[in-house]
Amino acid sequence: VSFFLGIFAARFVMGRKGKARAFWDGFLTMPLVLPPTVAGYILLRTFSTRRPFGRFLANSLGIQAVHTWLGCVLAATVIAFPLMYRTTRAAFEQMDINLIHAGRTLVMSELKIFRKIIIPTAGPGIASGTILTFARAMGEYGATTMIAGNIAGKTATISQQIAVVMKDGDYASAG
């Protein structure tokens, strides 16, 4: 999820100028600078069925994020997203703009320029962002614990299970 959203957001922000660009950049990078438990608390407050948005999702669409595997995915996506976004945006910024202009002189559509020129040229940066994002999502603990809890067999993640093993001292079950 972070992969596609990060590429889309980087492309979106690159098309903005001035204060709008600064606003979106700051907003999209916010989960990177917030403590994970604070981000998890914001997610919990947003998606709780006691709040209007969470109630709407649960009643109208049948979607519940709190204490479900969807909460794990949501927390990992929100926390890891800024790494994908920032890395992809940096890769887009380092591109030679003349390649894009050359595509336009060849009467390529913007979508085709994006698919055939921008993505392949920025590929190494996108790959690096993907690896960073995956690693961060796998290690997410704080936000996941806040929104999804640590329910064995339902929402327990790898990092949460490691914490339980360390707390209980039951190293034999870790193997």
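The following exchange considers ring pairs, salt bridges and backbone angles in a predicted model.

Biologist: How many aromatic pairs does the predicted model hold?
Modeller: Two rings are counted as a pair if their centres lie within 6.5 Å. By this rule, the number of aromatic pairs is nine.

Biologist: Is the pair of phenylalanine 47 and phenylalanine 53 stacked or edge-to-face?
Modeller: The angle between the two planes decides the matter, since planes over 60 degrees apart count as edge-to-face. For phenylalanine 47 and phenylalanine 53 the angle is 70°, with 5.5 Å from centre to centre. The pair is therefore edge-to-face.

Biologist: Is phenylalanine 47 buried or exposed?
Modeller: A residue counts as buried under 20% relative accessible area. Phenylalanine 47 has a value of 17%. Its partner phenylalanine 53, at 41%, is partly exposed, whereas phenylalanine 47 is buried.

Biologist: Phenylalanine 81 and tyrosine 85 also form an aromatic pair; is it stacked or edge-to-face?
Modeller: Phenylalanine 81 and tyrosine 85 are four residues apart in helix 5, and so about one helical turn separates them. Both residues are buried. Their ring centres are 6.1 Å apart and their planes differ by 10°. Because planes under 30 degrees apart count as stacked, this pair is stacked.

Biologist: Which charged residue sits over the ring of phenylalanine 12?
Modeller: Phenylalanine 12 belongs to an aromatic cluster together with Phe8, Phe23, Trp24 and Phe27. A charged end lies 4.1 Å from the centre of the phenylalanine 12 ring, and it belongs to arginine 16.

Biologist: What accessible area does the nonpolar surface patch with Met30 have?
Modeller: Methionine 30 is located in helix 2 and is partly exposed, at 36% relative accessibility. The patch joins Met30 with Phe23, Phe27, Leu32 and Val33. Together these residues have an accessible area of about 500 Å².

Biologist: Which residue of helix 1 forms a salt bridge with glutamate 110?
Modeller: Glutamate 110 is in helix 7, and its partner in helix 1 is 99 residues away, so that distant parts of the chain are linked. The closest N and O atoms are 3.9 Å apart, which falls within the 4 Å limit for a salt bridge. The partner is arginine 11.

Biologist: How far apart are the closest N and O atoms of arginine 104 and glutamate 110?
Modeller: Arginine 104 is partly exposed, with 39% relative accessibility. Glutamate 110 is also partly exposed, with 38%. In the salt bridge between arginine 104 and glutamate 110, the distance is 2.8 Å.

Biologist: Arginine 86 of helix 5 and aspartate 25 of helix 2 form a pair; is aspartate 25 buried or exposed?
Modeller: The two side chains meet in a salt bridge with an N to O distance of 2.7 Å. Both residues take part in a network of salt bridges that includes Arg21, Arg89 and Glu93. Arginine 86 is partly exposed at 36%. Aspartate 25 has 16% relative accessibility, and therefore it counts as buried.

Biologist: Which residue in the loop between helix 6 and helix 7 has a positive phi?
Modeller: Most residues other than glycine have a negative phi. Histidine 67, in the loop between helix 4 and helix 5, has a positive phi near 60°. In the loop between helix 6 and helix 7, a phi near 60° is found in an exposed residue with 73% relative accessible area. That residue is valine 107.

Conventions:
Residues are numbered from 1 along each chain as its sequence is written. This is a predicted model: local features need pLDDT of at least 70, side-chain atom pairs count only at pLDDT 80 or more; totals for chains, interfaces and linings use all residues. Side-chain values use heavy atoms; hydrogens and water are left out. Rings of Phe, Tyr and Trp (its six-membered ring) pair if their centres lie within 6.5 Å; planes under 30 degrees apart count as stacked, over 60 as edge-to-face and the rest as tilted. Buried means under 20% relative accessible area, exposed over 50%, partly exposed in between (1.4 Å probe, protein chains only). Helices (H or I, at least four residues) and strands (E, at least two) are DSSP runs, numbered from the N terminus. A charge sits over a ring if NZ of Lys or CZ of Arg is within 6 Å of the ring centre and within 35 degrees of the ring normal. Patches are made of residues with over 30% relative accessible area and no salt bridge: like charges are joined within 9 Å, nonpolar side chains (Val, Leu, Ile, Met, Phe, Trp, Tyr) within 5 Å. Accessible areas come from the Shrake-Rupley method with a 1.4 Å probe; for residues, only the protein chains shown count as cover.
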